[in-house]
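Here are a few notes to help you find your way around this structure. Please keep the viewer open and follow along point by point.

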Amino acid sequence: MTKIVYQGRSYERLDDETVLRCLLRNDVRAPYSCESGACQSCTMQATSGVIPSNAQEDLKETQKVLGYFKPCVCKPAGDLEVVALDDAHKQKQHLTVVEKSFLNDEILRLRLSSDEPFKYHAGQFINLFKDDLIRSYSLASLPDRDSTLELHIRRVPMGVVSNWLCDDVQVGDQLSVAGPMGECFYHETGNEEGLLAVGTGSGLAPLWGIVRDALAHGFDKPIILCHGGMTPERLYYVDELHQLEKRHDNFSYYPCVSGVDENALPAGISWGFPNDVAFALQPELVKWQLFLCGHPEMVANTKRKAFLQGVALKNIHADPFLPASPPT
Amino acid sequence: MSQSVYEKIGGDAAVNAAVDLFYRKVLADDRINGFFDGTDMEKQAAKQKAFLTMALGGPNNYTGEDMRKGHAHLVERGLNDSHFDAVMENLGATLKELGVPDDLIGEAAAIAESTRNDVLGK
């Protein structure tokens, strides 16, 4: 008999019982549907223990890295500690603001330090708390290269949290966060022919992390980054990205602008939405990994178009930046 | 008990090969793709996999009641026999593309067909 620890409580698992059946027998209200490993509605995350490989079959590679598994087909040989996906990261911790600077007229860069080790993958996001409000911000930093955590905060008109961060929060202040979360990060499978990163606005934050992470891990196939804004002033990290381009032959960066007359654009900037520019640059994407971050409509349309062109869903990593519901 | 189509064509691995193909056909089909607007693509793909597994006679726990509840909001939006026929067509085309023999496609079609009344809330 082995033990299943779920949300901190321990349950004895009978021989030949699945993790899901064990929890249900103990009146844990876990969601499930097909109970055959197909529908993934019962997916959980293991925080400790060995997951049998069949319980991770056909999950995304990034999900496997995070310890996601299907409890309905999981009969572990030993003890397993698991959490529900919703509650996986509710534990709050405090980070200290160590640097505050504006990248353009609407995007603030915050650099934060942590007393405790903060483990994450470049491109994941954290939840940031202000009173009872919660906002998600992507991590732009690299865990093994950058000594601080980096967030890009877009000042949202009337946005309570973003304006507070831009105007009131000072270097030295402590912020309450939980995480990291999200499955939009780099993980080489060995089969991909290239990486395509497409983002709008502060959607560059996770992509800045993901692209540098792939390069730092020696990924030597083509990497294309298309970053879009309405006007040239809305782009940022342009110099940094061009420098990265000079250091790595396999990386190309395309700043894209959609909101001004094509003829009025400075040299070196592509006209149009970054997803359209990307599809024109690289029409053959079947064996590529895609990273899509930013405007929800851009993310949804690009995902669908890429899928219909033959890209496997498992190779499309997306992080739509959903607007917060207005304060009531 | 005789082997199910699911076992004959190679079980879970075969369904994994079929699911992207099938979902792509469904999403590209203008007769039915409107029903998928605004849905989460990963969750949809997982549901398509559960559907294929069931149609092929593989392990599943779906009941007629689940089928009714799961599709009631679509029936309200006008889901009818013509849409069900379109899905059946895409199912057949997917299995054919994967080289599944006609008699096994027939078996899968019969299982899928048996859900018609529940799906359409009849």
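**Notes for a first look**

1. A good place to begin is an open sheet in chain A, where 5 strands are arranged in the order β2-β1-β5-β3-β4 with mixed pairing. Please keep in mind throughout that this is a predicted model. The edges of this sheet are taken by β2 (9–13) and β4 (68–69) of chain A, each of which pairs on one side only.

2. Look next at one pair within that sheet. Strand β1 of chain A, residues 2–6, joins β2(A) over 5 bridges, and the sense is antiparallel. If you would like a landmark here, find Lys3(A), which stands opposite Glu12(A) in β2(A).

3. It helps to step back to the layout of chain A. The chain is divided into domain 1 (2–84), domain 2 (92–181) and domain 3 (194–320). Between the centres of domain 2 and domain 3 of chain A, taken over C-alpha atoms, there are 23 Å. Their contact draws 16 residues from domain 2 of chain A and 17 residues from domain 3 of chain A.

4. Which strand gives the most to the side of domain 2 of chain A that touches domain 3 of chain A? That is β10 of chain A (residues 149–154), with 3 residues. Sorted by class, this side of domain 2 has 8 nonpolar, 5 polar and 3 charged residues.

5. Strand β10 of chain A also belongs to an open sheet of 6 strands, in the order β9-β8-β11-β6-β7-β10, with antiparallel pairing. Because β9 (133–138) and β10 of chain A stand at the edges with a single partner strand each, one side of each has no neighbour in the sheet. From one strand to the next, the twist averages 40 degrees.

6. Inside this sheet, β8 (residues 125–130) and β11 (residues 174–181) of chain A pair in the antiparallel sense over 4 bridges. Leu128(A) is a handy marker, standing opposite Val177(A) in β11(A). Helix α3 of chain A (residues 160–167) lies across β7 (107–114), β8, β9 and β10 of chain A, and runs at about 115 degrees to β10(A).

7. Finally, turn to chain B. Here 18 residues of chain B are in contact with 14 residues of chain A. On the chain B side, the elements giving two or more residues are α2 (11–28) and α3 (41–55) of chain B, and α3(B) provides the largest share, 8 residues. The residues of this side of chain B divide into 7 nonpolar, 5 polar and 6 charged.

Definitions and conventions
Residues numbered from 1 in each chain as written. Chains lettered and ligands numbered in written order. Predicted model: local features only at pLDDT ≥ 70, side-chain atom pairs only at ≥ 80, totals over all residues. Domains from an automatic or database assignment. Contact = placed C-beta atoms within 7 Å. Nonpolar A, V, L, I, M, F, W, Y, C, P; charged D, E, K, R; others polar. Pairing = 2+ DSSP bridges. Axes fitted to C-alpha atoms, helices over the stretch in contact; angles between N-to-C directions.
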